[in-house]
Amino acid sequence: MLSILLPIYQLNPFPLVKELQQQCIALEFPFEILVYDDSTNSNTTIAANINNLSHCHYHINSKTLGRSGNRNALAQKAKGTVLLFLDGDMWPKSKNFIAHYIASSTHHPVVFGGIAYRETMPEKKYQLRWLFGQSREAYSLNQRTKNPYTTCFTSNLLIAKKIFDLYPFDATLTAYGYEDLLFIKTLQHNGIPIHHIENPAYHDGLEDADVFLAKTTEAIRHAEKLLSMGKLEVSDLRVVFWSHRIKKWGVQPLLAPILRIIAPALQKKLVGPCPKLWALDAFKLYCLWR
């Protein structure tokens, strides 16, 4: 049995649930779709509509569990031997999305299908998140196969329940950022292979640039805590790796004041038209050092 698990927060997942349900029914494969809403302002109409669909269940958490806790709660409730984690703002690129995963699940304990972004550039306020995703999340199958752990994300991930039960998300993490990275690192450290296939889902839930930068700042602060706790290593994060290099070269005392001066200009560049990832990387360094 396949358990499709959708952790959501302030989203309307009904169209996604309907699409996944139709694909499963067409395959005549036993399935369930569980939606766990971690928002305190849930839409009860959406919940009722999903609960009226066969093999589908919408649950509203009585308290906020966080990104890790919500995913663990979904897995604990799941009845299937195979779990498909799919974020609520994703959309299957193929009508054979479920079929491809079912075929792979019989041979591999963990399967990642990839992340895709729409080809058409969105309006200005979403361009930064779209550009970041295109460059640093939407890796080709060839790239992912060569680097199976560093190119894997949990927003579109199939995993055997017996494996997940051994290595769940770290529920002690309540701040935003890097819970998926830690989960993948745990699999790697325990020798669990990740098989990559061409079965992407579109990431359609783009944040506007201001929200994305705020989340980036929050994630970097969390990263500092995780580094101090020994949960992350310098090589795990691009910004931390380059910060370490710059400090080693002895140029941080020169560069840090410059970044403080140009930080407002960097932010203006990032929220405007034609944002650049070099500006985002510089902004991250500023956040890390301030």
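## Lys185 and its contacts

Outside its neighbours within four places in sequence, Lys185 makes contacts with Lys231, Leu232, Glu233 and Asp236. The model is a predicted one. Lys185 sits in helix α8, which covers residues 179–189. Is Lys185 buried or exposed? Its relative accessibility is 8%, and because the cut-off for a buried residue is under 20%, Lys185 counts as buried.

## Helix α8 and what covers it

Lys185 is one of several buried residues in α8; the others are Glu179, Asp180, Leu182, Phe183, Ile184 and Leu187. The cover over the buried residues of α8 includes the helices α3 (66–77), α7 (161–166) and α9, together with the strands β6 (110–112) and β8. Just after α8 comes Gly191, with a positive phi of about 70°.

## Ile159 in strand β8

Strand β8, which is part of the cover of α8, runs over residues 156–160 and holds Ile159. Ile159 has a relative accessible area of 0% and is therefore buried. Leaving out neighbours within four places in sequence, Ile159 is in contact with Phe183 and Leu187, both of which are among the buried residues of α8. Further contacts of Ile159, with the same neighbours left out, are Val82, Leu83, Phe85, Pro109, Val110 and Phe164.

How far apart in space are Ile159 and His108, C-alpha to C-alpha? The distance is 8.4 Å, for a separation of 51 residues in sequence.

## Helix α11 and its kink

Helix α11 comprises residues 252–271 and has a kink of about 55° at Ile262. The proline Pro264 follows shortly after the kink.

The buried residues of α11 are Ala256, Leu259, Ala263, Leu266 and Leu270. Which helices do they pack against? The partners are α5 (127–136), α9 (209–228) and α12 (277–289). Helix α9 is also named in the cover of the buried residues of α8.

## Positive phi outside glycine

Most residues other than glycine have a negative phi. Gln10 has a positive phi of about 55° although it is not a glycine. Its place is the loop that joins β1 (2–8) to α1 (14–27). Cys274, also not a glycine, has a positive phi near 55°, and is found in the loop between α11 and α12.

## The protein as a whole

The secondary structure consists of 12 helices and 10 strands. For 290 residues, a compact globule would have a radius of gyration near 19 Å, and the value of 20 Å for the protein agrees with this. The C-alpha trace spans about 65 × 40 × 40 Å along the principal axes.

Of the 290 residues, 50% count as buried. Among contacts with a separation of 6 or more, 77% are between residues 24 or more positions apart.

## Surface and charge

The accessible surface of the protein is about 14300 Å². Carbon and sulfur atoms account for 54% of that area. There are 32 positive and 24 negative side chains in the protein. How far apart do the centres of the two sets lie? They are separated by 6 Å.

Terms used: Residues are numbered from 1 along each chain as its sequence is written. This is a predicted model: local features need pLDDT of at least 70, side-chain atom pairs count only at pLDDT 80 or more; totals for chains, interfaces and linings use all residues. Side-chain values use heavy atoms; hydrogens and water are left out. The bend at a residue is the angle between axes fitted to the seven residues ending there and the seven starting there. Helices (H or I, at least four residues) and strands (E, at least two) are DSSP runs, numbered from the N terminus. Buried means under 20% relative accessible area, exposed over 50%, partly exposed in between (1.4 Å probe, protein chains only). Contact means heavy atoms within 4.5 Å. The radius of gyration is taken over C-alpha atoms; the globule rule is 2.2 Å times the number of residues to the power 0.38. Accessible areas come from the Shrake-Rupley method with a 1.4 Å probe; for residues, only the protein chains shown count as cover. Lys and Arg count as positive and Asp and Glu as negative; His and the chain ends are not counted. The place of a charge is taken as NZ of Lys, CZ of Arg, CG of Asp or CD of Glu.
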